[in-house]
Amino acid sequence: MRNPSTPRGTLTGVPSQISTVDELRAGGTILPILRWGNPVMHRPTHRVTAFDDELLELVRNMFATMYAAEGVGLAAPQVGVDLAVFVYDCPDEDHVRHVGVMCNAEVRLPEGKERKLHAADEGCLSLPGAYIELARPDYAICRGLDQNGERVEVVGTGLLARCLQHETDHLNGIVFGDRLSGRARKKLYALHEDAADLYPDDWPVTPRGDSE
């Protein structure tokens, strides 16, 4: 992963006003979430260079979509936008809630003796209804820029560490199925197929169906 290398003063585009995360968590439009297989999901995104009203509108819509889908993180490619930005609302291992926006993210993971893997069920809003165990480092540091172009750093433990890795993977064109063995990936797709009828093509614009 790369460090954000462009200082804010050289970024193009500025919002009409500085926006807080709380402001962006309300008033957005729910968008359809793309499924795995759509080309934008499987290629690296373009870096954010314009921190303007268009970006703020995208972020607001992403929050609305994430909440409608009952997710803890959502990346721009999942709503069809080829841009390196994700939103998250996720607890850490101490049940402390973390909410934010991350642009041009890089994740740093422990190495050597400090690296400890934690296996837990993982799912993706772009493959709804399917979860399978995946081992990831239980600690992650994510650095990037927020919605206003200011540098931010988030230290993740527990589910938050998994979320930061999962969403940064999306920005690099990686879905978590790419990190599974062939056998596990086949099982994951079968679980998704079993639940697919519950999720309309434009979900979560159209809510999830009833399993009964």
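In the predicted model, N61 is buried, with a relative accessible area of 13%. This residue belongs to helix α2, which spans residues 53–68. A polar atom of the N61 side chain is placed 2.8 Å from the backbone nitrogen of T29. Beyond its neighbours within four places in sequence, N61 is in contact with G28, T29 and L31, so that T29 appears both in this contact list and as the partner at 2.8 Å, while the burial of N61 falls under the 20% cut-off.

Helix α2 also contributes to the hydrophobic interior. The largest nonpolar core comprises 26 residues, and those with the most contacts inside it are V59, M62, F63, L74, V85, V87 and C103. Two or more residues of this core are supplied by each of α1 (21–24), α2, β2 (85–91) and β3 (97–108). The largest share, seven residues, comes from α2. Within this setting, V87 touches V59, M62, F63, M66, V72, G73, L74, G100 and V101, residues up to four places away in sequence not being counted. Another core lies apart from the largest one; it has 16 residues, among them A84, V107, C142 and L164.

The loop between α1 and α2 holds I33, which is buried with a relative accessible area of 2%. Leaving aside neighbours within four places in sequence, the contacts of I33 are T65, A69, L74, Q78, L125, S126, W203 and P204. The C-alpha atom of I33 is separated by 25 Å from that of D92, a residue 59 positions away along the chain.

Two further helices, α3 and α4, were examined for their burial. Helix α3 (residues 158–171) has 14 residues and reaches 21 Å from its first C-alpha to its last, close to the 20 Å expected at 1.5 Å a residue. Of the 14 residues of α3, 12 are buried, and the helix is therefore largely enclosed by the rest of the structure. The buried set consists of L160, A161, R162, C163, L164, Q165, H166, E167, T168, D169, H170 and L171, and thus includes charged side chains such as R162, E167 and D169. After α3 comes G173, with a positive phi near 75 degrees.

Helix α4 (residues 182–195) likewise has 14 residues, with a reach of 20 Å between its first and last C-alpha atoms, close to the 20 Å expected at 1.5 Å a residue. Its buried residues are A184, L188, H192 and A195. Because these cover an arc of only 80 degrees around the axis, they are on the same side of α4. The buried residues pack against β5 (131–137), whereas the face turned away from the buried side carries the exposed residues R183, K186, K187, E193 and D194.

Cysteine pairing was assessed with a sulfur-to-sulfur cut-off of 2.5 Å. By this rule, the number of disulfides is zero. C90 is in no disulfide, the nearest cysteine sulfur being that of C163 at 4.4 Å; C90 is buried, with a relative accessible area of 0%. C124 is likewise in no disulfide, and its nearest cysteine sulfur, again that of C163, is 11 Å away. C124 is also buried, with a relative accessible area of 6%.

Methods. Residues are numbered from 1 along each chain as its sequence is written. This is a predicted model: local features need pLDDT of at least 70, side-chain atom pairs count only at pLDDT 80 or more; totals for chains, interfaces and linings use all residues. Side-chain values use heavy atoms; hydrogens and water are left out. Helices (H or I, at least four residues) and strands (E, at least two) are DSSP runs, numbered from the N terminus. Buried means under 20% relative accessible area, exposed over 50%, partly exposed in between (1.4 Å probe, protein chains only). A polar contact is a pair of N or O atoms within 3.5 Å; within protein, one must be able to donate a hydrogen and the other to accept it, and residues adjacent in sequence count only if both atoms are side-chain atoms. Contact means heavy atoms within 4.5 Å. A nonpolar core is a set of buried Ala, Val, Leu, Ile, Met, Phe, Trp, Tyr and Cys residues joined through side-chain atoms within 4.5 Å. The expected span of a helix is 1.5 Å times one less than its number of residues. The arc is that of the directions from the helix axis to the C-beta atoms.
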